[in-house]
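Biologist: Before we begin, please show me the sequence and the structure. I should like to ask how each label is justified.

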Amino acid sequence: MKHSLPFRFLCVLCGSIGLGCSSDEGSWRSANGEIAVSRVAAPAPANVGSPDSATMAVYATIANIGTSADTLVSVTAPAARRAELHETMDHGGTQMMMPAPLFVIPADGVARLQPGRTHVMLTGLTRTFAPGDTMPVVFTFRRAGSVSVNASVFAYEDLQRALEP
């Protein structure tokens, strides 16, 4: 299969920092091969007593090598009772998280779920998470179907480094 230049660049870039373009090396692909999800990271939630009271964000880089745009329509995580797409919005100088509309990954392009923008918000955690843990997450796309990944849990101060290309 011939890959587009942006996808090949993403694979080279992932390889240069120790991530590859296969599920064994930190990038997961859809069954149709058009969607690759990488750099899946989540900051460890603050200790609020019960895991059920904690929330946790998930961030990722999503590449689409297809000739048509695709849409992230849902996210699930077995360790959370609920997973939603949220976006951070400015309301009169105050940052607020609101449910996000569908998240589109352009054809032959890359989109990022990132801090301060669109991200996945997990609520009702079923266990505690600490830096170094991993958490299964399933991204479901309209065209490409489901992509199962493992989010790496980081200390908040290490998150930006984990997300950088």
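The conversation below sets values against definitions.

Modeller: This is a predicted model, in which local features need pLDDT of at least 70 and side-chain atom pairs count only at pLDDT 80 or more, while totals for chains, interfaces and linings use all residues. Residues are numbered from 1 along each chain as its sequence is written, and side-chain values use heavy atoms, with hydrogens and water left out.

Biologist: Where is Ser30 placed?

Modeller: Ser30 lies in the loop between strand 1 (27-29) and strand 2 (35-43). Strands here are DSSP runs of E with at least two residues, helices are runs of H or I with at least four, and both are numbered from the N terminus.

Biologist: Why is Ser30 called buried?

Modeller: Buried means under 20% relative accessible area, exposed means over 50%, and partly exposed is in between, using a 1.4 Å probe and protein chains only. Ser30 has a relative accessible area of 5%, and therefore it is buried.

Biologist: What does Ser30 contact, leaving aside its neighbours within four places in sequence?

Modeller: Ser30 is in contact with Ile35, Ala144 and Val147, where contact means heavy atoms within 4.5 Å.

Biologist: What makes strand 1 and strand 2 a pair?

Modeller: Two strands pair if DSSP finds at least two bridges between them. Strand 1 and strand 2 have 3 bridges, in the antiparallel sense, so they meet that definition. Trp28 stands opposite Val37 in strand 2. The two strands form a hairpin with 5 residues between them, and Gly33 in the turn has a positive phi of about 80 degrees.

Biologist: Which other strands does strand 2 join?

Modeller: Strand 2 is joined to strand 3 (residues 55-64) by 5 bridges and runs antiparallel to it; here Ile35 stands opposite Asn64. Strand 2 also pairs with strand 11 (residues 145-154) in the parallel sense over 3 bridges, and Pro43 has Phe154 as its bridge partner.

Biologist: How do you know that strand 2 is mostly covered?

Modeller: In strand 2, 9 of its 9 residues are buried.

Biologist: What makes the salt bridge between Arg143 and Glu34 deserve that name?

Modeller: A salt bridge is a side-chain nitrogen of Lys or Arg within 4 Å of a carboxyl oxygen of Asp or Glu. For Arg143 and Glu34 the N to O distance is 2.9 Å, so the definition is met. This pair links distant parts of the chain, 109 residues apart: Arg143 is in the loop between strand 10 (134-141) and strand 11, and Glu34 is in the loop between strand 1 and strand 2.

Biologist: Why is Arg143 called partly exposed?

Modeller: Arg143 has a relative accessible area of 41%, which lies between the two limits, and so the label is partly exposed.

Biologist: How do you know that Asp158 and Arg161 form a salt bridge?

Modeller: Their side chains meet at 3.2 Å, N to O, so this pair also meets the definition. Both residues lie in helix 2 (residues 156-163), 3 residues apart, about one turn of the helix.

Biologist: Why do Asp158 and Arg161 receive the labels partly exposed and exposed?

Modeller: Asp158 has 27% relative accessibility and therefore counts as partly exposed. Arg161 has a relative accessible area of 59%, and so it is exposed.

Biologist: How many salt bridges does a search of the whole structure find?

Modeller: The search finds 4 salt bridges, including the one between Asp133 and Arg127 at 3.3 Å, N to O.
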